[in-house]
Every structure is written in structure tokens, then in C-alpha cells.
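Student: I would like a close look at one part of this protein. Please take me through the sheet and the parts that touch it.

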Amino acid sequence: MKKFAVIGNPIGHSLSPHLHNYVYNSLGIEANYEKLKIQINEIPSIIDDLRNGVLSGINVTIPHKENIMQYLDDINPRAKSIGAVNIVMKNENKLFGNNTDWFGFTMSLKKNGIKVSG
């Protein structure tokens, strides 16, 4: 069974496990998603869990979106320019960081007809 998590601090408010586990169950996917409250000094342990297959992937929330970047093998250019990662996945033996926040924000602006310039 694959195991995924959202890491952060605070994390108690996150509804991500409810959403992801509902989708997994609905689609018959053998996976579990949990929330992990971690301190900055625990990031290396999470990285080890990703590298060793204990975790299949993670979402990252405050305050670790910037802190985790130094532990990754590759980072999406958009995430690099933003300076934050909110998704870490393993591709072969490398950990890859990405950021999806910008896309959601951009689509919200577009949907509401808000044009930003400058």
C-alpha cells in the first residue's frame, strides 16, 4: 500500500487526509494519506522516508515550503522562481519538488476576470 502525507506545523486544520482518502477509497486505490506535524529539524527524517519508500510522496505546507528545498535533487523551474515547494515526489531515485499553488492562484484570477499587470 502506498503512503502519502501532508507535512507542516500547524497541521491540525488540514482537510487533505479526508479528501485524499475519500478519493482513494472511491477509486479502489490502495493508498493512505495522513497529516504529519513536524518541526524543521525533522525534515531530514521525512526525506529519508521518501528515499527509502516509507512514503510515496508528500505535500508540504507552512512553514516548510522553503526549508525542504535544500534536501531535493531537482526542483521545477517555476517552483525555483517562486522559492517554495508544496509537492515532493520520487522519480526513480531522485526527489523532485514542484509548486502547484501558483497554478491555482492564476486560475482563480482568470476565472474571476482579474487581470494583473506590472
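Tutor: We start with the whole chain, then go through the sheet and its surroundings piece by piece. Keep in mind that this is a predicted model.

First, the overall layout. The protein has 4 helices and 6 strands. Read from the N terminus, the elements follow the pattern β-α-β-α-β-β-α-β-β-α. The C-alpha atoms fill a box of roughly 45 × 35 × 30 Å along the principal axes. There are 118 residues, and 31% of them are buried. Now take the contacts between residues with a separation of 6 or more. Of these, 53% link residues 24 or more positions apart.

Now the sheet. The 6 strands form an open sheet. Their order across the sheet is E2-E1-E3-E5-E6-E4, and the pairing is mixed. At the edges are E2, residues 31–37, and E4, residues 74–75. Each of these edge strands pairs on one side only.

Next, look at E1 and E3. E1 covers residues 2–8, and E3 covers residues 57–60. The two strands pair in the parallel sense, over 4 bridges. Find Ala5 in the display: its bridge partner in E3 is Ile58. Phe4 stands opposite Gly57 in E3.

Stay on Gly57 and look toward E5. Gly57 also stands opposite Met89 in E5. Here E3 and E5 run antiparallel, joined by 3 bridges. So what makes the sheet mixed? The pairing of E1 with E3 is parallel, whereas that of E3 with E5 is antiparallel.Now bring in a helix. Helix H1, residues 16–27, lies across E1, E2 and E3. Its direction makes an angle of about 175° with E2.

Where do the helix and the sheet meet through rings? Look at Phe4 and Tyr24, which form an aromatic pair. A pair of aromatic rings is described by the distance of the centres and the angle of the planes. For Phe4 and Tyr24, the centres are 6.0 Å apart and the planes are at 40°. That makes the pair tilted. The count of aromatic pairs comes to 1. Phe4 lies in strand E1 and Tyr24 in helix H1, so the pair ties together parts that are 20 residues apart in sequence. Is Tyr24 buried or exposed? Tyr24 is buried, because its relative accessible area is 12% and the cut-off for buried is under 20%.

Turn to the edge strand E2 and pick out Lys35, which is found there. Lys35 is partly exposed, at 33% relative accessibility. The C-alpha atoms of Lys35 and Ile7 are separated by 6.0 Å. Along the chain, these two residues are 28 residues apart. Which residues does Lys35 touch, leaving out those up to four places away in sequence? They are Val6, Ile11, Gly12, Ser14 and Pro17. Two of these contacts deserve a closer look. The side chain of Lys35 reaches the backbone oxygen of Gly12 at 3.0 Å. The side chain of Lys35 also reaches the backbone oxygen of Ser14, at 3.4 Å.

Now the loops. Pro10 lies in the loop between E1 and H1. A cis peptide bond joins Asn9 and Pro10, with omega at about 15°. There is also a cis peptide bond between Ile62 and Pro63, with omega at about 0°. Pro63 sits in the loop between E3 and E4.

Go on to the loop between E5, residues 87–91, and E6, residues 94–98. Glu92 lies in that loop. Its phi is near 60°, a positive value in a residue other than glycine. Glu92 counts as exposed, at 70% relative accessibility.

One more side chain to find: Arg78. Arg78 lies over the face of Trp102, at 4.1 Å from the ring centre.

To finish, trace one path on the display. Start at Tyr24 in H1 and step to Phe4 in E1. From Phe4, cross to Gly57 in E3. From Gly57, cross to Met89 in E5.

Definitions and conventions: Residues are numbered from 1 along each chain as its sequence is written. This is a predicted model: local features need pLDDT of at least 70, side-chain atom pairs count only at pLDDT 80 or more; totals for chains, interfaces and linings use all residues. Side-chain values use heavy atoms; hydrogens and water are left out. Two strands pair if DSSP finds at least two bridges between them. Contact means heavy atoms within 4.5 Å. Axes are lines fitted to C-alpha atoms, for helices over the stretch in contact, and angles run from 0 to 180 degrees between N-to-C directions. Rings of Phe, Tyr and Trp (its six-membered ring) pair if their centres lie within 6.5 Å; planes under 30 degrees apart count as stacked, over 60 as edge-to-face and the rest as tilted. Buried means under 20% relative accessible area, exposed over 50%, partly exposed in between (1.4 Å probe, protein chains only). A charge sits over a ring if NZ of Lys or CZ of Arg is within 6 Å of the ring centre and within 35 degrees of the ring normal. A polar contact is a pair of N or O atoms within 3.5 Å; within protein, one must be able to donate a hydrogen and the other to accept it, and residues adjacent in sequence count only if both atoms are side-chain atoms.
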